[in-house]
Amino acid sequence: MNDISHQNSTNLVTNYYKPDAGIQWLVRYFETIKSDFISVGMTDNFIPRPDVAIVFNFGAIPKVLMPEVFELKPLFIASIANKPLQLKINGNLDSFIAICNASILSKVFKIDLLSSPYPITQTPDTLNGLWELLEKKRDNLERIEVFSEFIKSISREVYICDTIDNIYLNILDNCLHKPLHEMIDNAYCSVSSLQRKFLKRTGVSMKKLIRIARVNAIFNKMVKRNNFDYNSFLSDSNYYDQAHFMKDFRELTGFNPRQFFRKQNDLLKTISGVNETI
């Protein structure tokens with residue numbers, strides 16, 4: 001298990017951890033965010049992600065400012081963000097986050113992500129008591145161990161990916177390299193049936209997820225570069241032209257790329273789950 005720690009100029013300390021092999025079918029990685037008291041609220045946008053997250057807040061509760069104003073909960077499942085989202089952080093933050101595969105989480109916990117209110121979904125009864133167990137622990141590794149054992153206890157059999165899972169994972173791994181028709185060529189049922197099942201299991205269509213995954217992958221590439229070069233990003237991202245790239249980026253972030261990366265900062269990277277090394 002890798003522990004990658006990063007402290008940035010916003011006084012947030014972020015750690016990333018790889019899950020052990022026993023729960024990698026569900027959890028992609030863990031993220032923990034802690035801070036000293038923040039007297040002045042910090043606000044920034046959230047980059048849409050192609051996965052979902054089980055979020056535990058043991059300190060201050062972040063607030064959503066856009067698309068509408070509401071306070072998040074101590075425990076919630078963050079669905080796939082498919083439109084611009086802005087968060088505000090105030091106070092002493094202590095968050096433990098499990099980044100998960102959407103199609104698998106919805107199947108295991110019997111959640112209909114399609115009917116869930118954006119950007120959070122209902123918390124399944126299966127997770128009852130887990131917040132209290134984790135809140136008693138202060139060490140990140142102890143929390144990961146408790147969470148991992150909890151997940152193993154409710155899913156004792158080895159999870160076997162189905163067709164929807166395979167398409168979902170294929171999109172996450174190959175969104176920059178393969179068109180959708182290649183990813184569903186070997187599916188056992190019709191395209192319309194796939195679309196209906198995929199939408200219910202992930203909350204977004206296959207085409208929408210590819211767009212979200214592409215923008216997220218491009219964002220992760222951009223934050224590692226010092227210069228902004230449209231041509232290199234287009235050639236790396238399977239976009240036909242700059243217009244399509246600009247349209248997707250603005251729709252999902254609320255900004256065009258130049259505007260967005262002119263305001264890029266450590267808070268944006270932290271709340272968007274950017275991990276350059278894991």
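A pocket is an open set of grid points with protein on both sides within 12 Å along at least five of seven lines, and its lining residues have an atom within 4 Å of a point. Keep that in mind for a stop later on. One more thing before you start clicking: this is a predicted model.

**The whole chain**

Start with everything shown as a cartoon. You should find eleven helices and eleven strands. The protein has 278 residues, and 53% of them count as buried. Now think about who touches whom: among contacts between residues at least 6 apart in sequence, 69% join residues at least 24 apart.

**The nonpolar cores**

Select Leu26, Phe30, Ile54, Phe56, Leu105, Phe147 and Ile171. These have the most contacts inside the largest nonpolar core, a group of 60 residues. Which helix gives this core its largest share? That's helix H7, residues 206-222, with ten residues. There is also a second, separate core of 18 residues; to get a look at it, pick Ile33, Ala53, Phe70 and Leu85, which are among its members.

Zoom in on Leu105. Leaving out residues up to four places away in sequence, Leu105 touches Leu26, Val52, Ile54, Ile77, Cys100, Lys110 and Ile111.

**Helix H7 and its pocket**

Select residues 206-222 to light up H7. H7 has 17 residues and runs 24 Å from its first C-alpha to its last, close to the 24 Å expected at 1.5 Å a residue. Is H7 mostly covered or mostly open? Mostly covered: 14 of its 17 residues are buried.

Stay here and bring up Lys207, Ile210, Arg211, Arg214 and Tyr240. Of the 14 residues lining the second largest pocket, these lie nearest its centre. The space in this pocket is about 390 Å³. H5, H7 and helix H9 (242-253) each supply at least two residues of the lining, and H7 gives the most, with four.

**Helix H4**

Next, select residues 163-174, which make up helix H4. H4 has twelve residues and reaches 16 Å from first C-alpha to last, close to the 16 Å expected at 1.5 Å a residue. Look at the start of the helix: a side-chain oxygen of Asp162 comes to within 3.2 Å of the backbone nitrogen of Ile164.

Now colour the buried residues of H4: Ile164, Asp165, Ile167, Tyr168, Asn170, Ile171, Leu172 and Asn174. As you look at the spacing, remember that an α-helix has 3.6 residues a turn, so residues three or four places apart point the same way. What do the buried residues of H4 pack against? Their partners are strand S3 (27-35), strand S10 (94-100), helix H1 (102-108), helix H5 (180-183), helix H6 (191-202) and H7.

**Arg201**

Click on Arg201, which sits in helix H6. Is Arg201 buried or exposed? Its relative accessibility is 15%, so it counts as buried, since the cut-off for buried is under 20%. A polar atom of its side chain lies 3.0 Å from the backbone oxygen of Ser103. Show its neighbours too: not counting residues up to four places away in sequence, Arg201 touches Ala102, Ser103, Ser106, Lys107, Leu113, Tyr159, Asp162, Ile164 and Asp165.

**Two loop residues**

Asn101 is in the loop between S10 and H1. At 3% relative accessibility, Asn101 counts as buried. Beyond residues up to four places away in sequence, Asn101 touches Gln24, Trp25, Leu26, Arg28, Val52, Tyr168, Leu169 and Leu172.

Then go to Lys110, in the loop between H1 and strand S11 (120-121). Lys110 is exposed, with a relative accessible area of 73%. Check its backbone as well: phi is near 55°, a positive value in a residue other than glycine. Most residues other than glycine have a negative phi.

**Last stop: around Tyr17**

Select Tyr29 in strand S3. With a relative accessible area of 9%, Tyr29 is buried. Its side chain and that of Arg49 are joined by a polar contact of 3.2 Å. Add Tyr17: the two C-alpha atoms are twelve residues apart along the chain and 5.8 Å apart in the model.

Finally, add Leu141, which is in helix H3 (residues 140-154). Leu141 is partly exposed, with a relative accessible area of 44%. How many residues separate Leu141 from Tyr17 in sequence? The answer is 124, yet C-alpha to C-alpha they are 8.8 Å apart in space.

Conventions. Residues are numbered from 1 along each chain as its sequence is written. This is a predicted model: local features need pLDDT of at least 70, side-chain atom pairs count only at pLDDT 80 or more; totals for chains, interfaces and linings use all residues. Side-chain values use heavy atoms; hydrogens and water are left out. A nonpolar core is a set of buried Ala, Val, Leu, Ile, Met, Phe, Trp, Tyr and Cys residues joined through side-chain atoms within 4.5 Å. Buried means under 20% relative accessible area, exposed over 50%, partly exposed in between (1.4 Å probe, protein chains only). Contact means heavy atoms within 4.5 Å. The expected span of a helix is 1.5 Å times one less than its number of residues. A polar contact is a pair of N or O atoms within 3.5 Å; within protein, one must be able to donate a hydrogen and the other to accept it, and residues adjacent in sequence count only if both atoms are side-chain atoms. On a 1 Å grid over the protein atoms alone, a cavity is a set of points where a 1.4 Å probe fits but cannot get out, and a pocket is an open set with protein on both sides within 12 Å along at least five of seven lines; lining residues have an atom within 4 Å of a point. Grid points are joined across faces, edges and corners, and a volume is the space filled by probe spheres set on the points.
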